[in-house]
Amino acid sequence: MPVAASAIYFLNLRGDVLINRLYRDDVGGNMVDAFRTHIMQTKELGTCPVRQIGGCSFFYMRISNVYIVIVVSSNANVACAFKFVVEAVALFKSYFGGSFDEDAIRNNFVLIYELLDEIMDFGYPQNLSPEILKLYITQEGVRSPFSSKPSDKPVPNATLQVTGAVGWRREGLVYKKNEVFLDIVESVNLLMSSKGSVLRCDVTGKILMKCFLSGMPDLKLGLNDKIGLEKESQMKSRPAKSGKTIELDDVTFHQCVNLTRFNSEKTVSFVPPDGEFELMKYRITEGVNLPFRVLPTIKELGRTRMEVNVKVKSVFGAKMFALGVVIKIPVPKQTAKTSFQVTSGRAKYNAAIDCLVWKIRKFPGQTEPTLSAEVELISTMIEKKSSTRPPIQMEFQVPMFTASGLRVRFLKVWEKSGYNTVEWVRYITKAGSYEIRC
């Protein structure tokens, strides 16, 4: 469901209306008074960015010293509303030289009204691309004297950009060396029991691209996803090749992807924007390859001593390695003294977070470094309460490894001039929420 905004207000920190636009007649003009009375004056601005007052909902966000408030009278998509605010602010900054504050709004209120009429129609978001809007709203904003951002020049061929299907890329791009950089970045989210059984595990990933290609190229990306391989084998009337396939969940694409072709052929075809952009996002819940296994053993020796033993095994290949590995092992607040023995890296006690912090700068694959620590506690008269100990947390980054098993099978670039292209592919796996109960 789209936003269907009834009104949008720009307020300063005192609650004064700097500028506003009413898109529907289902709310009154005094809605801003309800926002001031029930939200601003009660100092509840930081509690929740969505509030219901009467029969209306208020979505608000603070940018610099300005509050942007969207008022809706029906059930609306909150995420879409905040996405609209973020994109609108980026648009205003491109006109104002990179600044967006109360002074910028006061100096450019005529331009803002013109933009508000273009980017939202009857409460529904429209095109918010600065490159497109600058083709027919050519008025320049009053730039901040402190802005160092150069003025963006409008691109030619306005008719194609405004009405054509490729509004995210301009024609006439020329590069001496045509290159495509492809990064697959994944974050592993894990919750493991103290006995090594996985309680919760998933992978969230994104494919980032950086394109420096001449002309108007057409790209086709092939992955080892199950549905795509099955569709390809059906179209070619041949059995699918053996090998690991994965099932992608919750896939979202950049607007440049041809969704019609994806639905029919299950191939990711697109005309890419120039420069860096996020091609797609996905999630994996089955068949996750965990990069590390952690086996903790914590023994309490009386009321004033603890013995901590942690073994960390890297499951990925021996020729690979992880970077910036940090293991945080929680200890009681009344810790007085610690002593360590580690087979790799360095360890210390951080009193600010009540953790033993073990750092390994370079962690090779198929190795099992261990940490042994003795913890001395301050003796207290308070009876110890049985409570669950916080989990061990890990941070890491593993280049050229994907926890989901996702691989790029091919990346084809076609352009009518027939130039040669250099493709670079990189895989990176990071820790999202990697926790092990102890």
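Which strands make up the open sheet of three strands, and in what order do they lie? In this predicted model, select S12, S10 and S22, for that is the order across the sheet, and the pairing is antiparallel. Strand S12 (268-270) and strand S22 (408-414) are the edge strands, each of them pairing on one side only, and the twist from one strand to the next averages 10°. Next, restrict the view to strand S10 (residues 218-223) and S12, which pair in the antiparallel sense over three bridges; here Leu 221 stands opposite Val 268 of S12.

From there, move to the open sheet formed by five strands, and colour them in the order S2-S1-S5-S4-S3, where the pairing is again described as antiparallel. Strand S2 (17-22) and strand S3 (50-53) stand at the edges with a single partner strand each, so one side of each is left without a neighbour in the sheet. The twist in this sheet averages 20° from one strand to the next. To look into the sheet itself, select strand S1 (residues 7-12) together with strand S5 (residues 66-72), an antiparallel pair joined by six bridges; within this pair, Ile 8 has Ile 70 of S5 as its bridge partner.

Keep the five strands displayed and add two helices. Helix H1 (residues 31-40) lies across S1, S2, S3, strand S4 (56-63) and S5, and runs at about 70° to S4. Helix H2 (residues 78-96) lies across S1, S3, S4 and S5, running at about 35° to S4.

Continue along the chain to helix H4 (residues 109-119), where Phe 109 has its place. With the surface switched on, select Phe 109, Val 110 and Tyr 113, which form a nonpolar patch with about 270 Å² of accessible area together. Is Phe 109 itself buried or exposed? Its relative accessible area is 44%, and because this value falls between the 20% and 50% limits, Phe 109 counts as partly exposed.

The last stop is strand S23 (residues 422-436), which should be selected with strand S8 (residues 179-192), since 13 bridges join these two strands in a parallel arrangement. Within that pairing, Phe 181 has Trp 424 of S23 as its bridge partner. Now add strand S21 (residues 392-399), which runs antiparallel to S23 and is joined to S23 by six bridges; there, the residue of S23 that partners Val 398 is Thr 429. Both kinds of pairing seen at this stop are made in the usual way, because strands of a sheet pair through backbone hydrogen bonds, either parallel or antiparallel.

Notes:
Residues are numbered from 1 along each chain as its sequence is written. This is a predicted model: local features need pLDDT of at least 70, side-chain atom pairs count only at pLDDT 80 or more; totals for chains, interfaces and linings use all residues. Side-chain values use heavy atoms; hydrogens and water are left out. Two strands pair if DSSP finds at least two bridges between them. Helices (H or I, at least four residues) and strands (E, at least two) are DSSP runs, numbered from the N terminus. Axes are lines fitted to C-alpha atoms, for helices over the stretch in contact, and angles run from 0 to 180 degrees between N-to-C directions. Contact means heavy atoms within 4.5 Å. Patches are made of residues with over 30% relative accessible area and no salt bridge: like charges are joined within 9 Å, nonpolar side chains (Val, Leu, Ile, Met, Phe, Trp, Tyr) within 5 Å. Accessible areas come from the Shrake-Rupley method with a 1.4 Å probe; for residues, only the protein chains shown count as cover. A salt bridge is a side-chain nitrogen of Lys or Arg within 4 Å of a carboxyl oxygen of Asp or Glu. Buried means under 20% relative accessible area, exposed over 50%, partly exposed in between (1.4 Å probe, protein chains only).
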